[in-house]
Amino acid sequence: MTTTSAVRTDQEIQRDVLAELDWDAQTRATEVGVTVSQGVVTLTGQVDSYARRWAVERCAHRVRGVRAVASDLAVDLPATDLRTDADIAIAASRALEWDSFVPAERLDVTVADGWVMLRGEVEFGLQRRTAERELRRLRGVRGVTNLVEVRPPTPPSDEQKRLDLRRLLLRRTGTERIDARVDGDTVVLDGVVSAWWQREDAERAAWALPGVREVHVGIVVAG
């Protein structure tokens, strides 16, 4: 099947990534270099926080036709944002404790040179992602390594998870054009949708399944 994204040129993708960076309030397009080769976007430059680096990477992933993103962005914290590892560790622990969706008592935080290592166990992949999101927003953080394991108390079968996900996708997106495959703790989503919000809702739905640790999204937006 031929889709709109298959015929997009690297120049068109580069133009749209730069436009997305310019539009998003969390990014600064002038700080980022963008090159594209065969649909793979490479980001270079220097940003002032890990949160901004993540926002730049998300902008690139949002653009139609992007196959993958390689990020060579460096995080150079301004002097006002520098924090000791002890300060970051305290802030990280408090951030996790304040989020009602995160079982903070089951997670461990280690900080070295501004890099946060997160370990522990949760029941849902959504909890794993939420914990990481809380940490990458903190001042002084240079990066986050998420080693949290997803282990539901009674894992459902792959087929049951697939059926549950299919029903959830239909409820949320209103389309049956999304194909979902489940292999243990990994979900693969493919298909074609008419709007970006449908793609994002499908990804969120997959993360909501118990026991999911990885979600690979190959859904194409062809409005």
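1. Burial across the chain. In this predicted model, buried residues account for 43% of the 223 residues in the chain. The surface that the chain exposes comes to about 12000 Å², and carbon and sulfur atoms supply 48% of that area.

2. Overall dimensions. Along the principal axes, the C-alpha atoms of the chain fill a box of roughly 55 × 50 × 25 Å. The radius of gyration is 19 Å; a compact globule of 223 residues would have a value near 17 Å, so the chain agrees with that expectation.

3. Secondary structure and contacts. Six helices and ten strands make up the secondary-structure elements of the chain. Of the contacts with a separation of 6 or more, 64% join residues that are 24 or more positions apart.

4. Annotated domains. The UniProt record, an unreviewed entry, places the feature "domain: BON" at residues 9–77, 84–152 and 157–223. The span 9–77 is 39% helix and 32% strand, with its end C-alpha atoms 35 Å apart. For residues 84–152 the figures are 38% helix and 29% strand, and the end C-alpha atoms of that span lie 35 Å apart.

5. Helix α1. This helix covers residues 10–23, and its 14 residues should span 20 Å at 1.5 Å a residue; the end C-alpha atoms are 20 Å apart, so the helix agrees with the expected value. Its buried residues are Ile13, Val17, Glu20 and Leu21. Because these residues cover an arc of only 100° around the axis, they lie on the same side of α1. The face turned away from that buried side carries the exposed residues Gln11, Asp22 and Trp23.

6. Packing of α1. Against which elements do the buried residues of α1 pack? They pack against the strands β1 (32–37) and β2 (40–47), and against helix α2.

7. Helix α2. Residues 50–62 form this helix of 13 residues. From first to last C-alpha it reaches 19 Å, close to the 18 Å expected at 1.5 Å a residue. The buried residues of α2 are Tyr50, Arg52, Ala55, Val56, Glu57, Cys59, Ala60 and Arg62. Charged side chains are named in this list too, including Arg52, Glu57 and Arg62.

8. Reading the two helices together. Helix α1 (residues 10–23) and helix α2 (residues 50–62) may be viewed alongside the annotated span 9–77. In the structure, a reader may begin with Ile13, Val17, Glu20 and Leu21 on the buried side of α1, and then turn to α2, one of the elements against which the buried residues of α1 pack.

Key. Residues numbered from 1 in each chain as written. Predicted model: local features only at pLDDT ≥ 70, side-chain atom pairs only at ≥ 80, totals over all residues. Heavy atoms only, no water. UniProt positions renumbered as here; feature names shortened; annotations may be inferred. Helix = DSSP H or I, 4+ residues; strand = E, 2+ residues; numbered from the N terminus. Expected span 1.5 Å × (residues − 1). Buried < 20%, exposed > 50% of the residue type's maximum accessible area, 1.4 Å probe, protein only. Arc of directions from axis to C-beta. Contact = heavy atoms within 4.5 Å. Rg over C-alpha atoms; globule rule 2.2 N^0.38 Å. Areas by Shrake-Rupley, 256 points an atom, 1.4 Å probe, with all protein chains shown as cover.
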